[in-house]
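Here are my notes after a first pass through the model, as numbered points. Have the structure open while you read.

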Amino acid sequence: MYKEFFGLRANPFNVNPDPRYLFLTRHTEEALACLTYGIQSRKGFVLLTGEVGTGKTTLLNKLMEWLRVQQVATAFIFNSRMNVPQFLEYMMADFGIPCDSKSKSQILLKLYNWLLDRYRAGETAVLIVDEAQNLSDEVLEEIRMMTNLETFTEKLLQIVVVGQPELEQRLKNPNLRQLRQRLTLRAKTHPLTTEETRAYVAQRLRIAGSNGQPVFDPEALAAIHRFSGGIPRVVNLICEHCLVSAFVDRQKIVTSSVVEAVARDFDLGDTSISAGVAVASAAAETQPSEKLDLVSALKTLVSLADRLRESEQDPKEGKL
């Protein structure tokens, strides 16, 4: 709808995890390097975690794009609400391994022989499990057992398990300690910094066909970071609706007031204010031994309240 108005060939802020739009921050590069190294070195079991919306699936799609170029057999499990038989059946089908038997022992034997044939041919197979925080303990245990598919020196099946931070908490449970001990490499995705948010928006506009002319003014970009908290999925949401709103108003440059209006529509809070409140709360709860008394905590809260009132009076200048 707005593409021609802004001189774009495509919608730059679709929420689909398109690997073309992968934005390589230091953390993203480290995560991608960790995953590719773990697979190439046959490390067996790699964990990728990150908060909701921080680009895990986009990173996975980039990884799978690379695996296809390398002609690596891949099974991608994206539905984590399965029991063990369903999990095994889906994995075999995605690997393209024919198996008429429903017997677990026959399925695993078929898988082992297939992996062994690939290993002898110098080829690799990768199992990727997304949204793994929702897996049952039984399926997680089945995944652990698959790490036993190995030769004397190397793992036959490379496994990438992906999930939200809750997965890390689950792996701390004593009943999953054997699985935790099998993890050879860990990678994480992180929210964007302010500068990374600016670069992220610019890159997506460029890939979508922008000629380099400013679309968001500097204050708008700062506001996008504040309201998104640097979460790429939320950045996309805000930017998409800002472009629609600016197009309707025939406004070539998106300003901070447009961003703030979109943020209100979606009930997005200013994360810089939230951070300030959290700091003030922490100060109020600090023990005397840490040399912060009640008076200093109250001063912090009063100062914060004054700044909040100022921001309400003048939204463009009231920044924390």
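1. Start with helix 10 (residues 218-228) and helix 12 (residues 256-265), whose axes come within 8 Å and cross at roughly 25° in this predicted model. That angle makes helix 10 roughly parallel to helix 12, and the crossing is right-handed. On the helix 10 side the contact is made by Glu219, Ala220, Ala223, Ile224, Arg226 and Phe227; helix 12 brings Ser256, Val259, Glu260 and Ala263. Sorted by class, that gives six nonpolar, one polar and three charged residues.

2. Now look at helix 4 (residues 84-95) against helix 6 (residues 137-146). This pair packs at about 45°, with the axes 9 Å apart, so helix 4 and helix 6 are oblique to each other. The crossing of helix 4 and helix 6 is again a right-handed one. Val84, Phe87, Leu88 and Met91 of helix 4 meet Glu138, Val139, Glu142, Ile143 and Met146 of helix 6. The class count here is seven nonpolar and two charged residues, with no polar ones.

3. Which residues does Gln164 touch, leaving out those up to four places away in sequence? They are Thr49, Gly50, Val52, Lys56, Glu131 and Gln133. Gln164 sits in the loop between strand 4 (157-163) and helix 7 (165-170). With a relative accessible area of 15%, Gln164 is below the 20% cut-off and therefore counts as buried.

4. Glu131, one of the residues that Gln164 touches, deserves its own look. Its phi is near 55°, a positive value in a residue other than glycine. Most residues other than glycine have a negative phi, so that's worth checking by eye. Glu131 lies in the loop between strand 3 (125-129) and helix 6, and at 28% relative accessibility it counts as partly exposed.

5. Gln71 also has a positive phi, about 55°, although it is not a glycine. You'll find Gln71 in the loop between helix 3 (56-69) and strand 2 (73-77). Is Gln71 buried or exposed? At 68% relative accessibility, Gln71 counts as exposed.

6. On the cysteines: how many disulfides are there? The count comes to zero. Cys239 is in no disulfide, and the nearest cysteine sulfur, that of Cys242, is 6.3 Å away. A disulfide would need the two sulfur atoms within 2.5 Å, so the Cys239 and Cys242 pair does not qualify. Cys239 counts as buried, at 0% relative accessibility. Cys34 is buried as well, with a relative accessibility of 13%.

7. Asp117 belongs to helix 5 (residues 104-120). With 48% relative accessibility, Asp117 counts as partly exposed; the line for exposed is over 50%. Asp117 and Leu156 are 39 residues apart in sequence, and their C-alpha atoms are 9.8 Å apart in space.

8. Finally, the overall picture. The protein comes to 14 helices and five strands, and 46% of its 320 residues count as buried. Among contacts with a separation of 6 or more, residues 24 or more positions apart account for 74%. The Gln164 loop offers a concrete place to look at such contacts, since Thr49 and Gly50 are among the residues that Gln164 touches.

Conventions: Residues are numbered from 1 along each chain as its sequence is written. This is a predicted model: local features need pLDDT of at least 70, side-chain atom pairs count only at pLDDT 80 or more; totals for chains, interfaces and linings use all residues. Side-chain values use heavy atoms; hydrogens and water are left out. Helices (H or I, at least four residues) and strands (E, at least two) are DSSP runs, numbered from the N terminus. Buried means under 20% relative accessible area, exposed over 50%, partly exposed in between (1.4 Å probe, protein chains only). Contact means heavy atoms within 4.5 Å. Axes are lines fitted to C-alpha atoms, for helices over the stretch in contact, and angles run from 0 to 180 degrees between N-to-C directions. Angles under 35 degrees count as roughly parallel, over 145 as roughly antiparallel, 65 to 115 as roughly perpendicular and the rest as oblique. A crossing is left-handed if the near helix is turned anticlockwise from the far one by less than a right angle, and right-handed if clockwise. Ala, Val, Leu, Ile, Met, Phe, Trp, Tyr, Cys and Pro count as nonpolar, Asp, Glu, Lys and Arg as charged, and the others, Gly among them, as polar.
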